[in-house]
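Q: Please take a close look at one part of this model, a sheet, and explain how its strands are arranged. A few remarks on other parts may follow for contrast.

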Amino acid sequence: MSITDKIQISKNISLVSGIFCITVSLLLLLNYLQFAKSEPLESKTIEVLVERLKSEPNNDELKEEIRNFDLLVRKAYFNSRWQVKTGAFLLLFGAVVFALGLRSYYSLKAKIEQPVPESENEIFGRILAQKWIIITGSTVIVLALIASFASVDHLDSYKGNEMVAEQVTNDTDEGIEVVDVGKASDNNSLENPFTEETSETHEPVNSEVEAQQESTGSETNNSVTEPKPVSSAGAITAEQINSNYNSFRGPWGNGVSTHKNIPVNWNGASGTNLLWKIEISLPGYNSPVIWGNKVFLSGGNKEVREIYCFDINSGNLLWSKKVENIPGSPAEMPKVSDDTGLAAPSLTTDGKRVFGIFANGDIICFDMNGNRVWGRNLGMPNNHYGHSSSLITWNNKVFVQFDTNSGGKVLALNAENGETVWETKRDCGISWASPVLAVFKGKMQVILTADPIVAGYDTETGEELWKVECMMGEVGPSVTTGEGMVFAANEYARLAAIDPLTATIKWEDDYYLPEVASPVCADGLLIVATSYGILVCYDAKTGDLLWEEDYGTGFYASPVVADNKIYAIDTDGVMHILELSREAKVLGSPKLGEEGFATPAFAEGKILIRGVSGLYCFGNK
Amino acid sequence: MKPKIYILLTFLLLFLSLQLPAQQQRFPKPEFDSGYEQPDPVTPEPRSGAMEYFDVAVLLAVLSLASYLVIRKRSRQGILWLSVFSMIYFGFYRNGCICSIGGIQNVTLTFFDATYAISVTALLFFLLPLVYALFFGRTFCAGACPLGAIQDLVIIKPLSMPRWLRKTLGIFPYLYLGLAVLYAATGTDFIICRYDPFIGIFRMDAPFHMIVLGIVFLLMGMFIARPYCRFLCPYGVLLNWMSKFSKWHMSITPSKCIQCKLCTTSCPFDAIDFPTEEKVTKSSRYDAKKFIIYAAVIPLWVLIGGFVGSKSHTYLSKAHPDVYLAELLIQHPELKDDPDNIDIQTFLASGKTMDILVEDARLKRKEFYTGSWILGGFIGLVIGLTLLNQVVYRRKQDYTPNRGDCYSCGRCMDYCPVDR
């Protein structure tokens with residue numbers, strides 16, 4: 001093939017591919033113009049049909065017509081998308097061939113060039129460059145000045161309070177009663193966790209009762225106050241529990257504290273409102289629990305597990321005790337994931353003793369001065385992330401949720417000697433949630449959630465009083481109670497508001513679901529914190545979504561309520577503080593200065609937060 | 001294969017396999033009978049840690065190979081194929097992200113936003129080309145940059161640009177760099193990424209105007225070689241600075257220049273410095289006065305630039321989302337009732353008050369005041385120094401690549417008849 005032939009072929013290839021590129025470009029342009037003009041997803045025809053449907057809501061033919069038309073415009077949309085995508089690939093292919101053809105054409109036609117054919121006059125070039133640099137520089141300056149004079153600072157014209165962003169609440173459907181929830185200070189629901197709304201005509205709690213209920217059709221909801229639970233002589237009292245913070249998520253494990261004057265501003269890094277901070281030598285994701293002036297925590301690694309007691313006023317370590325010499329304790333620690341660890345369960349205390357459990361099944365009890373009372377091993381929990389269910393205590397009993405891959409059970413141990421008082425087998429799979437105490441129909445119940453059941457057990461006998469199958473997956477969030485209901489949730493399952501008296505689901509939702517953080521219910525509001533960073537508030541009675549706040553950073557620690565405020569710390573250690581109300585009112589976003597995974601604890605005028613490196617105590621200075 | 005390579009490969013495989021469980025979801029995505037596949041929500045998909053380090057390793061290897069091919073091997077063919085590989089890997093396969101050019105913004109944001117921490121891989125992508133430029137010249141531009149590669153491949157008949165035009169247009173990369181840093185520092189936007197003209201081609205998906213911009217750059221690039229690299233690339237500014245001090249830089253001739261002038265038309269980027277002519281040497285004496293004047297007015301350029309910059313802070317800050325939203329709501333409060341305005345509806349749903357939004361916007365505008373002052377001063381300094389540079393004469397005896405402007409593509413090496 002001669003060089004002339006090669007040049008001719010290159011020329012032809014370039015020509016054909018060039019024409020091809022221009023054709024495809026024009027088609028793409030036409031497609032774009034047509035698409036931009038018609039906006040298939042905003043079809044006027046559908047709008048007209050939908051308008052018609054409002055006046056003829058029962059017209060099934062019209063509904064079918066809308067569906068068909070909707071399908072048609074969607075098909076048109078995706079067809080157009082496909083055309084653009086395919087066109088783009090064809091254009092790219094054409095452009096590559098065109099570029100190669102032209103390169104080949106020019107290189108074949110290239111002749112040896114004359115060295116420095118027309119050398120640029122450098123001096124003249126420099127003079128011209130100076131001129132043009134000054135012109136360009138001046139032009140940039142002039143343009144910037146024009147832009148500055150042409151732009152108006154509208155912020156200056158803002159006089160303040162002209163408009164307040166409001167939660168869009170006007171979407172309440174007709175017929176749904178909007179309950180006006182007063183401030184926490186206006187009623188005593190925060191002070192008294194036993195204020196429940198119950199169905200007086202209902203008997204607790206099995207399917208027979210439910211059937212009977214359905215037959216009578218009684219749905220009367222009256223607000224009554226449950227009698228306060230009475231414990232045995234010498235045992236912990238309800239008043240003591242309410243005035244302390246003795247378990248994971250506070251009194252009754254319900255996430256609501258009665259303490260006041262909690263700060264809304266601090267900074268762990270700069271020391272703002274930091275009363276004290278202490279380093280904790282061993283890692284642990286458990287949250288602090290408080291009794292009087294004593295704060296309790298645990299930590300552990302493969303070599304050693306310890307329980308710590310600190311003075312709440314100074315942060316001084318009062319005592320620390322190793323968890324050792326437990327009869328039956330396995331020689332090796334179980335394999336656990338880094339985000340669970342060996343000391344995930346929080347401690348609990350009844351004011352006389354403090355109880356702790358670890359990932360190897362060791363459970364131990366010390367008195368308030370650090371003297372060991374008893375210790376035993378419950379068997380190695382078969383748990384692929386690590387046991388994380390916290391303990392809770394009532395009436396001289398310590399309750400252990402022991403749901404593992406090998407089956408589930410709940411135990412009540414004698415607080416004085418650790419012996420099993422009762423043990424109830426549970427028909428469920430593994431769970432990482434913690435027990436919660438609540439009174440329904442005058443009976444103190446320990447309420448547990450796992451895959452697939454949410455169930456309540458009599459704290460005195462261990463009898464399963466009710467259960468509802470509504471959970472699935474790996475259940476991490478614990479339940480919360482309020483408004484006469486038990487609220488259980490888990491990601492990929494649902495958020496269910498359960499009436500424990502009828503063992504029925506009153507309402508449910510599956511849009512915002514927590515993965516780790518437990519929901520909290522107070523003042524008629526249900527707060528849910530998701531692992532993808534959204535804090536949501538529902539009307540606890542109706543399930544209506546009241547507000548949602550997207551913070552971008554997920555929540556592993558549970559949101560808690562104190563001093564009429566919601567405290568939710570995200571994994572970056574930013575505490576999102578909002579007013580406990582039906583509208584999202586942000587009160588502050590103080591920073592811990594490090595990551596935050598543990599749920600905070602409260603005392604009068606103080607908030608205690610465990611970070612990765614240590615325990616922080618903040619209070620208004 | 002040597003035992004050491006076996007060990008290396010074993011470790012690599014082990015490291016990769018360790019990452020796999022972390023990538024598994026607890027619950028699989030739902031499958032549809034219709035065959036519908038859920039699209040990935042992010043483009044490009046997030047990489048596992050190991051794969052991000054793999055990208056860094058590829059960059060390191062490409063930079064090392066490019067430097068070797070330019071400095072030791074002197075192979076234009078090698079550089080060409082290496083740039084094709086980089087375009088395919090970093091461009092089409094990695095969708096143009098992670099990118100050293102965009103890394104400027106990540107680094108800036110790290111300094112100004114305490115809550116933002118740059119990843120090690122992004123930092124390495126930003127630093128490695130600069131370090132290599134300090135030792136070997138702009139070998140990143142020659143063989144590793146996908147944006148450079150795609151422009152390099154479409155050079156058909158490059159036209160030589162006159163000095164005045166090159167020097168004048170050469171101011172714009174500084175302006176772009178300054179704006180990119182300002183917008184990144186204030187958390188406004190990553191404009192280098194948003195207005196990357198070639199990202200739409202690499203991803204085969206972009207807004208229409210960006211596709212058009214990319215095509216325009218490529219069409220322009222057929223006759224004006226690498227227009228983006230020469231007259232816009234903000235990273236090129238930093239590489240230019242580094243390369244000026246490079247320890248080993250590509251040379252046109254492997255030995256002594258015989259002044260044959262064959263290389264003079266070889267560079268499509270006009271990056272070859274010619275030997276200083278006698279008349280130019282003489283002229284330099286007359287420009288001494290100009291040098292003093294230009295040097296003296298540099299502070300004036302900086303002050304004027306700073307002043308004008310600070311005056312434009314209101315205009316520049318309008319790009320920030322908070323400022324934009326606050327001004328929009330102040331000007332058009334009726335838009336509060338527009339359900340189709342996503343920005344406003346999102347704000348309303350946030351529960352944030354208008355007072356707080358305006359306060360945030362004012363604070364942001366204050367940041368812009370300081371930032372715009374610095375930006376204006378910087379641009380003034382650049383104009384002053386560029387002007388000064390026009391009256392600075394450096395005596396040269398041979399045909400040499402300009403250390404700052406040369407992309408080390410190696411075209412000129414093929415023109416040199418001198419053997420080693």
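A: Two strands count as paired if DSSP finds at least two bridges between them. The model discussed here is a predicted one. In chain A, an open sheet is built from 4 strands, in the order β12-β13-β14-β15, and their pairing is antiparallel. At the edges of this sheet stand β12 (392-394) and β15 (420-426) of chain A; each has a single partner strand, so one side of each is left without a neighbour in the sheet. From one strand to the next, the twist averages 20 degrees.

The pairing of β14 and β15 in chain A can be followed in detail. Strand β14 of chain A covers residues 408-414, and 6 bridges join it to β15(A), the two running antiparallel. Within this pairing, A:V410 is found opposite A:T424, a residue of β15(A).

Chain B offers two further views, both concerned with exposure. Helix α7 of chain B (residues 146-153) has 7 of its 8 residues buried, so this helix is largely enclosed by the rest of the structure. The buried residues of α7(B) include B:P146, B:L147, B:I150 and B:D152.

On the surface, a nonpolar patch is formed by B:L123, B:L127, B:V131, B:L134, B:F135, B:F245 and B:W248, which together have about 640 Å² of accessible area. One of these residues, B:L123, lies in helix α5 (residues 120-136) of chain B. B:L123 counts as partly exposed because its relative accessibility is 33%, and the partly exposed class lies between under 20% for buried and over 50% for exposed.

Definitions and conventions. Residues are numbered from 1 along each chain as its sequence is written. Chains are lettered from A and ligands numbered from 1 in the order in which they are written. This is a predicted model: local features need pLDDT of at least 70, side-chain atom pairs count only at pLDDT 80 or more; totals for chains, interfaces and linings use all residues. Side-chain values use heavy atoms; hydrogens and water are left out. Patches are made of residues with over 30% relative accessible area and no salt bridge: like charges are joined within 9 Å, nonpolar side chains (Val, Leu, Ile, Met, Phe, Trp, Tyr) within 5 Å. Accessible areas come from the Shrake-Rupley method with a 1.4 Å probe; for residues, only the protein chains shown count as cover. A salt bridge is a side-chain nitrogen of Lys or Arg within 4 Å of a carboxyl oxygen of Asp or Glu. Buried means under 20% relative accessible area, exposed over 50%, partly exposed in between (1.4 Å probe, protein chains only). Axes are lines fitted to C-alpha atoms, for helices over the stretch in contact, and angles run from 0 to 180 degrees between N-to-C directions.
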